[in-house]
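Here is a set of exercises to work through with the model open in your viewer. Try each task before you read its solution.

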Amino acid sequence: MADLRSIAAPFVVLGPSGVAIRARLKDLTPGDEKVLRLVGAHLGSLASKDLKARCADGLEHSTESWAARKRDLTAESSSRWAGSITRATHDQWALARRGQAAHIQSLEAGITTIRHRLSLPVGHKGAKRAPGGYCCAHEWFHKTRRLHVLEDRLEKVRADREAGRVHVVRGGKRLLRTRHNLDTAQLTGAGWRERWEAERWFLQADGESGKRFGNETIRITPEGEISIKLPAPLADLANARHGRYVLAAKVRFWHRGQEWADRVEANRAVAYRIHYDTGRMRWYADAAWQIPPARTLPLEAALADGVIGVDMNADHLAAWRLDTHGNPIARPRRFFYDLSGNAQHRDAQVRHALTRLLNWAKTCGVKAIAVEDLDFQDEKTREKHGRKRRFRQLISGMPTSRLRARLTSMAHATGIAIITVDPAYTSKWGAQHWQKPTTGPTRKTTRHDAASIAIGRRAQGHPIRRRTTPPRAHQSDVHGHRTVQADRRAPGREEPRPRIPGPRTRSVPPDAASTRATRTSKTVRDVRSDQEWVQDSLLLTD
């Protein structure tokens, strides 16, 4: 029997540390759009130069080089614009480094799998947890070639990482590659160029506490008036004092608008970003600010009223409510979503499903939702699953990180705690111990429903199996009814079952004892000498 890996302890997820809201900029004049495009293009070119300089520094980056880059940008924009550009550059470089490390890990996993399968004879049948050899000599040959390709890639990526080189593109590598597949992307040359330029614009400014309305570069008043500090080369376009341009359009934040207004009136820091959606031909303004991490409930307090276990799948969330002892209550619930279509549609589907889940949790009076700490980074490689292309596409399309982040943020607003559990063996053990017992004539429990019970029980600290094994000497009630379904502090938990008066066989009805004492026998029996039988008088009527 293979050794099971250790199970990590469940924990309560910390609440969100920031807030981001978005609103549309309506009624922009042609002059306003012209100024926004000019400012975005000018700052975008500065951001590209700064990113090139940062990548050239590599691991030799220092505070002095950062200050030198900022001084060069200040001359062509302003001190605050330069600070926002350099900070965004560092974030993008750090993100590229993290992606580089993940790429190395993926290549190492693929190489290890190919080497293992090549070491086995052709057609060797693999075990449940270890893949076997390749099915034919043709596939074996091509995998040897792929092994050399992956080893060359790994060597180059490792050399880049040791030298501090990263490969980043302002605007995104995906959009850059789309230039060679315009027909597939249903874009024209002019349409791609417009989208490419819009993605490379830079119109975002960091907030600063103590300054007027929380931001000196992009300022939005509580009434919704937007003014932008123009860079030095574009100062002649100003229509207000101190080299500022005031847009004719006003913005109004509907979501968390009052919270934003209170923060702006108190001159607390708020970061803004203005961007253009080429598909919808609309301008948007994003506002973001940091909030202190919310104090989470202790694990025992969050589980005081039970828990809802949630199993995430490709097209739905399977949820089941559990009481404090780990027993499923009522019927399971499923919240479906459709992950086809564009990113906005998928995000809206996920938010809608989570909204229904949280509303149901509030009606149940539960203060905790248990989810799995899923991470499919090691599962997406084609070397692990071979020709199971549909399965690889399935797990690649599951929005695990986005769903967990959305659920944490939305649950914080409703006062519900999110408990993360180890995903090991939840589907397997849930189906083994709970799928059949919870299936009835009018309800068919799926494997995902059973997994939600396993997730909830693991969050509560209960074992997933339903009861402990009876004594081997007598697998009956001789040693008492031992169960882990009751609380550990419940009296009589390890004692025998209570004695129920009445017969113990199914052939006799429950009230047989009382019926036997009152009914008259229909058979003739011998009467003992010391007993006297008296016949009741008959009732005579006219």
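The exercises below go from the whole chain to sheets, helix pairs and single residues.

**Before you start**

This is a predicted model, in which local features need pLDDT of at least 70 and side-chain atom pairs count only at pLDDT 80 or more, while totals for chains, interfaces and linings use all residues. Residues are numbered from 1 along each chain as its sequence is written, and side-chain values use heavy atoms, with hydrogens and water left out.

**Exercise 1. Describe the protein chain as a whole.**

Step 1: Start with secondary structure. The protein chain has 16 helices and 13 strands. Helices here are DSSP runs of H or I with at least four residues, strands are runs of E with at least two, and both are numbered from the N terminus.

Step 2: Turn to burial. Of the 542 residues, 37% count as buried. Buried means under 20% relative accessible area, exposed means over 50%, and partly exposed is in between, with a 1.4 Å probe and protein chains only.

Step 3: Look at sequence separation. Among contacts between residues at least 6 apart in sequence, 66% join residues at least 24 apart; a contact means heavy atoms within 4.5 Å.

**Exercise 2. Work out the strand order of the 4-stranded open sheet, and find its edges.**

Step 1: Recall that strands of a sheet pair through backbone hydrogen bonds, either parallel or antiparallel. In this model two strands pair if DSSP finds at least two bridges between them.

Step 2: Go through the pairs. Strand β2 (residues 18-25) and strand β8 (residues 282-290) are antiparallel, with 8 bridges, and alanine 20 sits opposite alanine 288 in β8. Strand β7 (residues 271-277) is joined to β8 by 7 bridges, again antiparallel, with arginine 273 opposite aspartate 286. β3 and β7 pair in the antiparallel sense over 2 bridges, and here glutamine 204 is opposite arginine 273 in β7.

Step 3: Put the pairs together. The order is β2-β8-β7-β3. β2 and β3 (204-205) are at the edges with a single partner strand each, so one side of each has no neighbour in the sheet.

Step 4: Add the surroundings. The hairpin of β7 and β8 has 4 residues between the strands, and methionine 281 takes a positive phi near 60° there. Helix α8 (residues 257-265) lies across β2, β7 and β8, at about 65° to β8.

**Exercise 3. Do the same for the 6-stranded open sheet.**

Step 1: Its order is β1-β13-β12-β9-β10-β11, with mixed pairing. The edges are β1 (11-12) and β11 (328-336), each with a single partner strand, so each has one side without a neighbour in the sheet.

Step 2: Check one edge. β1 and strand β13 (residues 417-421) run antiparallel and are joined by 2 bridges, with phenylalanine 11 opposite threonine 420.

Step 3: Find the helix on this sheet. Helix α10 (residues 343-364) touches β9 (307-312), β10 (316-322), β11 and β12 (368-372), and its direction makes about 10° with that of β10.

**Exercise 4. Classify how α3 packs with α1 and with α4.**

Step 1: Get the geometry for α1. The axes of helix α1 (residues 30-57) and helix α3 (residues 79-118) come within 9 Å and cross at roughly 50°. Axes are lines fitted to C-alpha atoms, for helices over the stretch in contact, and angles between N-to-C directions run from 0 to 180 degrees.

Step 2: Classify the angle. α1 is therefore oblique to α3, given that under 35 degrees counts as roughly parallel, over 145 as roughly antiparallel, 65 to 115 as roughly perpendicular and the rest as oblique.

Step 3: Name residues in the contact. Among them are Leu43, Leu46 and Leu51 in α1, and Trp81, Ile85 and Trp93 in α3.

Step 4: Repeat for α4. α3 and helix α4 (residues 137-163) pack at about 150° with their axes 9 Å apart, and are therefore roughly antiparallel.

**Exercise 5. Is each residue buried or partly exposed: serine 45 and threonine 438?**

Step 1: Serine 45 lies in helix α1. Its relative accessibility is 32%, so serine 45 counts as partly exposed. The C-alpha atoms of serine 45 and arginine 200 are 8.1 Å apart, with their positions 155 residues apart along the chain.

Step 2: Threonine 438 is in the loop between α14 (426-435) and α15 (447-460). At 8% relative accessibility, threonine 438 counts as buried. Leaving out residues up to four places away in sequence, threonine 438 touches Trp320, Pro328, Arg443, Thr445 and Ile453.
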